[in-house]
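User: I would like to learn how to read a structure like this one, feature by feature. Could you take me through it slowly?

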Amino acid sequence: MAATEHELRLRDTRSAQPQLDPRMLAVRPGDPANAIELRNVSRTYDTSKAGLNEASFAVRRGEFVFLVGQTGSGKSTLMRLLIKELEPDSGSILVAGRDIGELRRKQIPFYRRNLGVVFQDFKLLPNRTVHDNVAYALQVTGMGRREIRSKVPDILRLTGLATKLHHYPDQLSGGEQQRVAIARAFVNHPPLLLADEPTGNLDPETSIGIMQLLYRINRTGTTVLVATHDADMVDRMRRRVIELERGRIIRDELAGRYAPSDVSTAEFGALLSEPAPAPQRAPDPADDFDQAFVD
Amino acid sequence: MRLGFCIREALRSLRRNAVPSFAALASVLVTLLVLGVFIPIVQATTGAANDVRGKVLVNVYLQDDATPADVTRVRAALVADPQVRSVEFVSKEAALRRESEQNPDAYKLLGGTNPLPDTLRVTPKNPDNVLALVTKLAPTQGDGGVTGADPAIESVRSSKDDTEKILTATKVVKYTTGLLALLLIVASILLISNTVRLSVFARRREVQVMKLVGATDGFIRWPFVLEGILLGAMGATLAVLLLGVIKVALIDPLVSDFALLAAPQTIGFGMLVGVLFLAGVVVSACGSALSLRRFLNV
Ligand SMILES: Nc1ncnc2c1ncn2[C@@H]1O[C@H](COP(=O)(O)OP(=O)(O)O)[C@@H](O)[C@H]1O
Ligand SMILES: [Mg+2]
């Protein structure tokens with residue numbers, strides 16, 4: 001699947017309209033139109049009371065969602081649960097309508113290939129060049145060398161790294177490293193991209209570029225969940241905001257701000273009058289979440 | 001294709017992790033070198049000890065008037081004994097000839113007489129049983145006297161004190177060298193596997209990242225194991241080359257001077273090299289695979 005330039009062409013983030021119809025938020029059992037669905041998910045660590053406490057929410061395919069909250073509020077815990085680095089103590093997590101608690105250990109790598117993951121600390125492989133870091137995400141899927149050699153430079157060009165192919169991570173700035181991480185996360189065109197404080201280590205200018213990149217990825221139909229501290233960014237982009245506090249969801253707002261705010265009746269009316277958006281992501285042969293569940 | 005990938009990955013990682021790789025290689029090299037020198041020493045020592053033990057004999061002296069029939073009968077009885085390895089007959093005449101060659105002056109004084117009896121020299125199967133064998137052939141009677149198990153046996157002797165000393169000394173030598181060899185092998189395995197474990201530990205974050213992008217355990221493991229194999233093989237090759245140099249430069253010129261070095265029981269050089277090489281490769285490959293297991297459980 002070729003992610004062409006025009007697909008990814010950046011739109012002005014401030015004029016982008018909220019793309020979610022609140023009527024679609026009603027939780028239906030195992031709805032495959034939900035990219036993510038949490039049902040009363042709790043997870044505690046030995047040392048502290050709550051990593052996550054009875055969290056329930058659903059994210060539609062194609063949405064762009066911010067996860068906000070203070071340090072220690074449980075954002076990373078939620079991300080790690082979605083990656084299946086952690087198991088919930090109770091509750092269930094559905095991705096693309098399937099309960100990921102049912103995945104057996106052997107299936108987890110195949111599940112993860114359908115996720116793009118981006119972290120505050122980049123998590124690049126230090127012994128590989130930019131090109132090889134991105135290529136690794138394709139190699140794990142068993143893709144042939146020739147195909148990899150044609151795909152990797154494309155995706156690196158899209159993320160603005162065309163000239164850095166043969167640099168090692170420690171020869172790059174933080175912003176560049178994060179672009180490599182995003183390229184690696186997106187090179188498989190995953191249906192779901194998770195970013196845990198992707199701009200946490202970056203200065204504001206660099207952060208804008210990274211967030212634009214994530215937004216462009218979202219425009220291709222990928223569902224994007226971003227945990228962040230960056231109030232400016234959240235306020236500028238006006239996407240859906242889910243706020244956590246001590247492991248509990250205390251706010252879930254469409255077109256929200258970093259800080260809680262009441263949606264005015266007028267704004268809400270405007271939202272409702274908008275036509276329901278077309279499905280953001282057409283069924284896609286590359287979307288093989290379901291294959292992770294095949295024995 | 002898959003093997004090609006593993007090889008490329010292993011080589012990349014050797015190149016990019018030069019320091020831990022070198023540490024693992026050095027530990028393989030050093031331990032194999034020590035083992036390679038020590039194993040032949042242990043073998044030569046035990047070989048020499050066994051030689052000495054093999055010289056422990058029981059002399060069965062026959063009555064002066066023993067007939068050839070007596071000799072045959074006693075000999076047959078000895079050969080049938082399960083504790084006896086071999087029996088050699090030394091006739092009066094042969095004994096005299098041998099003794100007078102060694103001690104011509106003393107035997108000249110005897111003139112034509114021959115005081116030596118017919119003798120059966122018995123080599124026991126196990127030198128440790130020598131004393132039991134002696135008592136069996138010449139049991140002590142109730143009155144403290146000793147009578148032969150066969151009327152034709154005059155007396156039975158093994159130089160008791162010497163025998164006991166030889167047996168204890170060689171036993172101590174054998175067990176000490178054996179224990180040292182065992183300790184050395186255990187130490188080598190621990191050293192190699194610990195070094196490998198450290199170099200894997202240094203890369204646990206890398207393993208975590210690989211898992212996050214959807215690599216299966218096998219996809220991560222096999223390049224690591226191959227890397228271990230390559231490291232073990234390189235360390236072993238160097239060790240073997242050095243051992244070869246030591247052999248050619250130091251041991252071979254001395255072989256003619258020192259019987260110990262030429263002891264026939266010593267392992268062949270080719271065999272030694274093969275064993276060391278295999279041990280180096282297997283230990284470091286298993287070390288890699290086992291250390292990795294902990295980090296794969298993410
Ligand atoms: N590995 C861990 N062991 C014990 N407690 C942890 C661990 N990881 C997180 N926690 C605790 O769980 C809570 C939520 O942490 P986290 O999800 O990392 O928050 P956030 O990412 O929002 O800063 C915090 O109180 C934190 O101390
Ligand atoms: Mg966090």
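Analyst: What follows is a walk through some features of a predicted model, taken one topic at a time.

User: Let us begin with the ligand. Which residues surround ligand 1, and which are the closest?

Analyst: A good way to start is to list the neighbours of the molecule and then to look at individual atoms. Here 13 residues surround ligand 1, and the closest are Thr47(A), Gly72(A), Lys75(A), Ser76(A) and Thr77(A). Sorted by kind, the residues of this shell divide into two nonpolar, 10 polar and one charged.

User: What polar backbone atoms lie by the oxygen atoms of ligand 1?

Analyst: For this we go down to pairs of atoms. A polar backbone atom of Gly72(A) is 2.6 Å from an oxygen atom of the ligand, while for Ser73(A) the corresponding distance to an oxygen atom of ligand 1 is 3.3 Å. Gly74(A) also takes part, with a backbone N or O atom 3.1 Å from an oxygen atom of ligand 1. As for how much of the ligand is covered, ligand 1 taken alone exposes 550 Å², and the protein buries 66% of that.

User: How should I read a single residue, for example Asp31(A): is Asp31(A) buried or exposed?

Analyst: One first asks where the residue sits, then how much of its surface is accessible, and then what its side chain contacts. Asp31(A) is found in the loop between helix 1 (5-8) and strand 1 (34-43) of chain A. Its relative accessible area is 6%, and because buried means under 20%, Asp31(A) is buried. A polar atom of its side chain lies 2.8 Å from the backbone nitrogen of Ala33(A).

User: What does the sign of phi tell me?

Analyst: The general idea is that most residues other than glycine have a negative phi, so a positive value in such a residue deserves a look. In this model, Ala96(A) has a positive phi, near 55°, and Ala96(A) lies in the loop between strand 4 (90-95) and strand 5 (98-99) of chain A. Another case is Arg246(A), whose phi is positive too, near 45°, and which lies in the loop between strand 9 (240-245) and strand 10 (248-253) of chain A.

User: Which of these two residues is buried, and which is exposed?

Analyst: Ala96(A) is buried, with a relative accessible area of 6%, whereas Arg246(A), at 64% relative accessibility, counts as exposed.

User: Turning to chain B, how is the chain divided into domains?

Analyst: A domain may be made of separate stretches of the sequence, and the assignment for chain B illustrates this, since domain 1 covers 3-52 + 167-296 and domain 2 covers 57-157. The centres of these two domains, taken over C-alpha atoms, are separated by 52 Å.

User: Which parts of chain B does the record list as "transmembrane region"?

Analyst: An unreviewed UniProt entry lists residues 21-42, 179-201, 222-246 and 266-292 of chain B under that name. One can then compare such a record with the model: residues 21-42 are 100% helix, with their end C-alpha atoms 31 Å apart, and residues 179-201 are also 100% helix, with end C-alpha atoms 32 Å apart.

User: How far apart in space are Phe219(B) and Arg2(B)?

Analyst: Separation along the chain and separation in space are read independently. Phe219(B) and Arg2(B) are 217 residues apart along the chain, yet their C-alpha atoms are separated by 9.3 Å. Phe219(B) belongs to helix 9 (residues 217-254) of chain B, and at 8% relative accessibility it counts as buried.

Methods:
Residues are numbered from 1 along each chain as its sequence is written. Chains are lettered from A and ligands numbered from 1 in the order in which they are written. This is a predicted model: local features need pLDDT of at least 70, side-chain atom pairs count only at pLDDT 80 or more; totals for chains, interfaces and linings use all residues. Side-chain values use heavy atoms; hydrogens and water are left out. Domain bounds come from an automatic or database domain assignment. A residue is near a molecule or strand if one of its heavy atoms lies within 4 Å of it. A polar contact is a pair of N or O atoms within 3.5 Å; within protein, one must be able to donate a hydrogen and the other to accept it, and residues adjacent in sequence count only if both atoms are side-chain atoms. Accessible areas come from the Shrake-Rupley method with a 1.4 Å probe; for residues, only the protein chains shown count as cover. Ala, Val, Leu, Ile, Met, Phe, Trp, Tyr, Cys and Pro count as nonpolar, Asp, Glu, Lys and Arg as charged, and the others, Gly among them, as polar. UniProt positions are given in the numbering used here, feature names are shortened, and annotations may be inferred rather than shown by experiment. Helices (H or I, at least four residues) and strands (E, at least two) are DSSP runs, numbered from the N terminus. Buried means under 20% relative accessible area, exposed over 50%, partly exposed in between (1.4 Å probe, protein chains only).
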